[in-house]
Amino acid sequence: MLLGGGDWDSQAFQWFAKKAGYGHILILRASGDGEGGREMFAEMAGVASVSTILFTDRAASTDPRVLAAIAKADGIFLAGGDQAKYVRFWQGTPVARALDAHVAAGKPIAGTSAGLAVLGGTAYGAMDGGSIDSFRALSDPMGDAVTLVRDFLHMPHLAHVVTDTHFNQRDRLGRLIAFVAKARASGDPQAIGLGVDEKGALCVDADGQAVYRGPANTHAWLVQPQGVPALVPGKPLDWANIRITGIAPGGTIDLDTLAVPRPAFVGTAKVVAGKLIDAPLPPGGHWSLAIHGGAGVIPRGALTPERERAYRAGLNAALAAGSAVLAKGGTSLDAVEAAVRVLEDDPHFNAGRGAVFDAEGKNQLDAAIMDGATLRAGAVAGVGTTKNPVMLARAVMEHSRHVLLSGAGADQFAREQGVEQVDPAYFRTDKRWQEYLSWKRDEEHAALDPTHRYGTVGAVARDQRGHLAAATSTGGLTGKRWGRIGDTPIIGAGTYAMDKTCAVSATGTGEFFIRQVAARQVCDRIQWRAQDVATAASATIGEVGEIGGDGGLIAMDGDGHIAFAMNSDGMYRGSVSDDQSPRTAIYAGETDVGRRPE
């Protein structure tokens, strides 16, 4: 039984208990404790017993008592944790041979998460101590971080299979393709991939016929590329014709012929220069996008009709750029970057071109981006020659081992990465320059534009695969001194994203958002207090206000529900989703539209 991690499917466990004759179930694990045994005993109603052996070193793999327990077991369950420990503790030992003999005798074995990872003929061992994500794996499938293990366990029907778990939830399709690529290039030209979503289970009978069980909108994923890719260490993957088949609950697969009689979806993807393209989408995926262009004192009538039209046009252009990505099945990460780039290029907003000036009459730009599927993040602060700081933030995330770069070093990194550079004069607009001159004449009473007091832009999105992302960009405060950095590039303060929980982008007096860890606070309220996204966003802004801060934020939960919260008189904002046309708003009290809880 191949489980995708997370909660257990009760039907699958009853299937396993029946295959084990309702006898003695043995849990093997290399981390955690025995609590899972009690839960499993309750889940598998009617089994004789459930016991656990916890391995802490390799020596236990030759212990006669351990081998006797394995021989006695009617069913064996490999728990989650760290698959590298299974490899180090068991490979080439009597335990590995005993597990092979257990299955050869017709008795069932199951694995979840790390336990499933080691059941394939080729296993991802995570031997470097980490867990590689899709981006890094596709960037260098022959790299040291793609640690594949052969000749470990020998399960029927899985000799040429590489397995993966927590599949769609952690965006692992790309890395499974990379695993298969390396397996084929390393001597197994028949290697294929089999991924299982969280809460799902593939129940495999002795003849190789398997049924997928799990909640709605989860799947097993069959990855069948054509040919053997030409891999070069240090270079990204290029591979065409990768057939991907989804198996929904109740669907079947023959693991010997790889026939899937009733696929939930089928498509052919490709990888170009390490980027996965045209991967098929599971049915029923919703997408949502929300943006903001900063908060301020914006009572109705504060803007001329021409300026209001210009702001709404800019917001609509950003919504169009982001929604074009999402509607075609693109990633939330690509969508928030696309939307923020448009706002950075629009001189009406305080980000990129049109940014405010610091005390020395320079434009110093900050930005951040975060991927909710992997919790990877990148940020930059105080850059002065990079046209689109959000692109540089993404480059930091994807092409460095760091999260935050600043100043001249960040601009140097941008040049090395080929991120477009401009003369600093590009960012200047007459309006912002006049604001700076006014500030310089009278710092205490400068006539700054109150309608754009907190000039930041940002976007949050959910894509059709259910992944969240957030991005934020700003020029900061007019007249800022001493290399001041606000909340925008501080992950958890002005920008945050976590799949299944929330994505947030903030705008306002950054020092207060930092002190309240505002963006992460919204997520924590959803995750730990079970608040809906609107309540969590409003309460967080309330906390910011309690210590003297002003501004607003946009937030989105794991289902794509959107919330706008502010304690200022307005915020430039907008939203669009697969079932809602683009809508913009500026003033406090103006109707906000986004995907709402039903």
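These exercises work through the fold of a predicted model.

**Exercise 1. Overall dimensions**

Decide what radius of gyration a compact globule with 598 residues would have, and how the protein compares.

Solution.
- Start with the expectation: for 598 residues, a compact globule would have a radius of gyration near 25 Å.
- Next take the computed value. The protein has 27 Å, which agrees.
- Add the extents. Along its principal axes the C-alpha trace spans about 85 × 50 × 45 Å.
- Check burial. Buried residues make up 59% of the 598 residues.
- Check the contacts with a separation of 6 or more. Residues 24 or more positions apart account for 70% of them.
- Finish with the inventory: the protein has 16 helices and 28 strands.

**Exercise 2. The sheet of 8 strands**

Give the strand order of the open sheet of 8 strands and find its edge strands.

Solution.
- Write down the order: 3-2-4-5-1-10-11-14. The pairing is mixed.
- Read off the ends. The edge strands are strand 3 (49–54) and strand 14 (252–254), and each pairs on one side only.
- Look at one pair inside the order. Strand 2 (residues 24–29) and strand 4 (residues 75–78) run parallel and are joined by 4 bridges.
- Pick a residue in that pairing: Ile27 stands opposite Phe77 in strand 4.
- Now place a helix. Helix 1 (residues 10–19) lies across strand 1 (2–3), strand 2, strand 4, strand 5 (109–112), strand 10 (201–204) and strand 11 (209–213).
- Note its direction: helix 1 runs at about 25 degrees to strand 10.

**Exercise 3. The sheet of 4 strands**

State which strands are the edges of the open sheet with order 23-24-25-26, and how helix 16 is placed on it.

Solution.
- Take the pairing first. It is antiparallel in this open sheet of 4 strands.
- Identify the edges: strand 23 (495–498) and strand 26 (562–566) each pair on one side only.
- Check the turn. Neighbouring strands are turned by 10 degrees against each other on average, direction ignored.
- Count the bridges at one edge. Strand 25 (residues 551–557) is joined to strand 26 by 5 bridges.
- Name one pair: Ala555 has Ala563 in strand 26 as its bridge partner.
- Place the helix. Helix 16 (residues 533–546) lies across strand 25 and strand 26, at about 155 degrees to strand 25.

**Exercise 4. The surroundings of strand 19**

Work out how many residues of strand 19 are buried, and which strands it pairs with.

Solution.
- Begin with burial. In strand 19 (residues 376–383), 8 of its 8 residues are buried.
- Take one partner: strand 18 (residues 365–371) pairs with strand 19 in the antiparallel sense over 6 bridges.
- Locate a pair there. Ile369 has Gly378 in strand 19 as its bridge partner.
- Inspect the hairpin of strand 18 and strand 19. It has 4 residues between the strands, and Leu375 takes a positive phi near 65 degrees.
- Take another partner. Strand 20 (residues 404–406) runs parallel to strand 19, with 3 bridges.
- Locate a pair there too: Ala379 has Leu404 in strand 20 as its bridge partner.

**Exercise 5. Two packed helices**

Classify the packing of helix 10 against helix 11 and describe the contact by residue class.

Solution.
- Get the geometry. Helix 10 (residues 332–345) and helix 11 (residues 389–399) pack at about 150 degrees, with their axes 8 Å apart.
- Apply the cut-off: angles over 145 degrees count as roughly antiparallel. Therefore helix 10 is roughly antiparallel to helix 11.
- List the helix 10 side: Leu333, Asp334, Glu337, Val340, Arg341 and Glu344.
- List the helix 11 side: Pro389, Val390, Met391, Arg394, Met397 and Glu398.
- Sort by class. The contact has 6 nonpolar, no polar and 6 charged residues.

**Exercise 6. Two strand residues**

Decide whether Gly193 and Thr245 are buried or exposed, and list their contacts beyond four places in sequence.

Solution.
- Locate Gly193: it is in strand 9 (residues 192–196).
- Apply the cut-off of under 20% relative accessible area for buried. Gly193 has 0%, so Gly193 is buried.
- List its contacts. Gly193 touches Val162, Leu176, Val180, Trp221, Leu222 and Val223.
- Locate Thr245: it is in strand 13 (residues 239–247).
- Use the cut-off again. Thr245 has 3%, so Thr245 is buried.
- List its contacts. Thr245 is in contact with Ala220, Trp221, Leu222, Gln224, Val260, Pro263, Phe265 and Val266.

Note on methods: Residues are numbered from 1 along each chain as its sequence is written. This is a predicted model: local features need pLDDT of at least 70, side-chain atom pairs count only at pLDDT 80 or more; totals for chains, interfaces and linings use all residues. Side-chain values use heavy atoms; hydrogens and water are left out. Two strands pair if DSSP finds at least two bridges between them. Contact means heavy atoms within 4.5 Å. Axes are lines fitted to C-alpha atoms, for helices over the stretch in contact, and angles run from 0 to 180 degrees between N-to-C directions. Angles under 35 degrees count as roughly parallel, over 145 as roughly antiparallel, 65 to 115 as roughly perpendicular and the rest as oblique. Ala, Val, Leu, Ile, Met, Phe, Trp, Tyr, Cys and Pro count as nonpolar, Asp, Glu, Lys and Arg as charged, and the others, Gly among them, as polar. Buried means under 20% relative accessible area, exposed over 50%, partly exposed in between (1.4 Å probe, protein chains only). The radius of gyration is taken over C-alpha atoms; the globule rule is 2.2 Å times the number of residues to the power 0.38.
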